[in-house]
Amino acid sequence: LSEDQLKLSLLERLEHLEKRLTPGQPGAGLQSLRNMANRGLGQPSLEHSLVEYVKQLSLCPWQHASSLISRGNGPKLTILHMVAALGYSRLINVLNEWREQSSSLVLEYEVDPLSTDDHMCTPLMWACARGHFETDIVVYQLNNNCLKMCNKDGILPLSLAHMHGFP
């Protein structure tokens, strides 16, 4: 997936989260984030805006906490997969804080460092393959067992980083 596709998928998934939190008009603040992503503003601006947006979401009570978010027909990536692939370390920390403070199955699933996609890749593998070193460390600190997990081809995260040209 391209960086733009990841950003748009992430915004869509966050919109689904918001619908579970606040009744009435969903998308408060989300449209401006979409516009930023579409205009191609730099990573720090979008990440900072996403951090603030997620902090606001975390203050809202859950309305529908029992079922997981459906993902449609695309790749089976969690929010953590997308955020790690984009290298948004600060956003990972905010999402993890929210997960620790909330008793939500949705967040447990979406911010699980041991979750795998269709190719059995963890969020750490996505960060390693894209050379996001700071993000690698943040995901590793969430659960160091993710360093020992192989994808469907038997490749470990650090090997994946080397294969993509990162030391």
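Before I start, one bit of vocabulary: when I sort residues by class today, Ala, Val, Leu, Ile, Met, Phe, Trp, Tyr, Cys and Pro count as nonpolar, Asp, Glu, Lys and Arg as charged, and the others, Gly among them, as polar. We'll use that for a pocket. And please keep in mind that this is a predicted model.

Okay, let's go straight to the pocket, the second largest one. It holds about 160 Å³ of space. What lines it? His 119, Cys 121, Met 125, Trp 126, Ala 129, Asn 151, Lys 152, Asp 153, Leu 160 and His 164. Sorted by class, that lining comes to 5 nonpolar, 3 polar and 2 charged residues. The element that gives the most to the lining is H7, with 3 residues.

Now let's step back to the whole chain. There are 9 helices and 0 strands, so if you read along the sequence, the pattern is just α-α-α-α-α-α-α-α-α. The chain has 167 residues, and 45% of them count as buried. Take the contacts between residues at least 6 apart in sequence: 74% of those join residues at least 24 apart.

On to the inside. In general, nonpolar side chains in soluble globular proteins tend to be buried together. Here, the largest nonpolar core has 42 residues, and the ones with the most contacts inside it are Leu 10 and Leu 91. Who contributes? H1, H3, H4, H5, H6, H7, H8 and H9 each supply at least two residues of this core. The largest share, 7 residues, comes from H4.

So let's look at H4, which covers residues 79–86. Is this helix enclosed or open? 8 of its 8 residues are buried, so H4 is largely enclosed by the rest of the structure. If you want to click through them on screen, they are Ile 79, Leu 80, His 81, Met 82, Val 83, Ala 84, Ala 85 and Leu 86. Notice that His 81 is on that list of buried residues as well. After H4 comes Gly 87, with a positive phi near 80°.

Keep Gly 87 in view, and go to Glu 47, over in helix H3. This one may catch your eye: Glu 47 has a relative accessible area of 6%, and the cut-off for buried is under 20%, so Glu 47 counts as buried. What does Glu 47 touch? Leaving aside neighbours within four places in sequence, Glu 47 is in contact with Gly 87, Tyr 88, Ser 89, Arg 90 and Leu 91.

Two of those are worth a stop. Leu 91, with the same four-place neighbours left out, touches Leu 10, Glu 47, Leu 50, Val 51, Val 54 and Val 83. And remember, Leu 10 and Leu 91 are the residues with the most contacts inside the core. Then there's Arg 90, in helix H5. Arg 90 is partly exposed, at 40% relative accessibility. Its C-alpha is 8.8 Å from that of Val 138, although the two residues are 48 apart along the chain.

Next, the aromatics. How many aromatic pairs does a search of the whole structure find? It finds 2. One is Trp 62 with Trp 98: the ring centres are 5.7 Å apart and the planes are at 15°, so this pair is stacked. Trp 62 sits in the loop between H3 and H4, while Trp 98 is in H5, so the pair ties together parts that are 36 residues apart in sequence. Trp 98 itself is buried, at 3% relative accessibility.

The other pair is Phe 133 with Phe 166, and the geometry is edge-to-face, with 6.1 Å from centre to centre and 80° between the planes. This pair also links distant parts of the chain: Phe 133 is in H8, Phe 166 is in the segment after H9, and they are 33 residues apart. Phe 133 is partly exposed at 41%, and Phe 166 is partly exposed too, at 23%.

Last stop, Asn 143, in the loop between H8 and H9. Asn 143 is partly exposed, at 22% relative accessibility. Leaving out residues up to four places away, Asn 143 touches Pro 113 and Leu 114. Measuring C-alpha to C-alpha in the model, Asn 143 and Leu 124 come out 10.0 Å apart, with their positions 19 residues apart in sequence.

Definitions and conventions:
Residues numbered from 1 in each chain as written. Predicted model: local features only at pLDDT ≥ 70, side-chain atom pairs only at ≥ 80, totals over all residues. Heavy atoms only, no water. Buried < 20%, exposed > 50% of the residue type's maximum accessible area, 1.4 Å probe, protein only. Helix = DSSP H or I, 4+ residues; strand = E, 2+ residues; numbered from the N terminus. Phe/Tyr/Trp six-rings, centres within 6.5 Å; stacked < 30°, edge-to-face > 60°. Core = buried A, V, L, I, M, F, W, Y, C linked by side-chain atoms within 4.5 Å. Contact = heavy atoms within 4.5 Å. 1 Å grid on protein atoms, 1.4 Å probe; cavity = no way out; pocket = protein on both sides within 12 Å on 5 of 7 lines; lining within 4 Å. Points joined across faces, edges and corners; volume = space filled by probe spheres on them.
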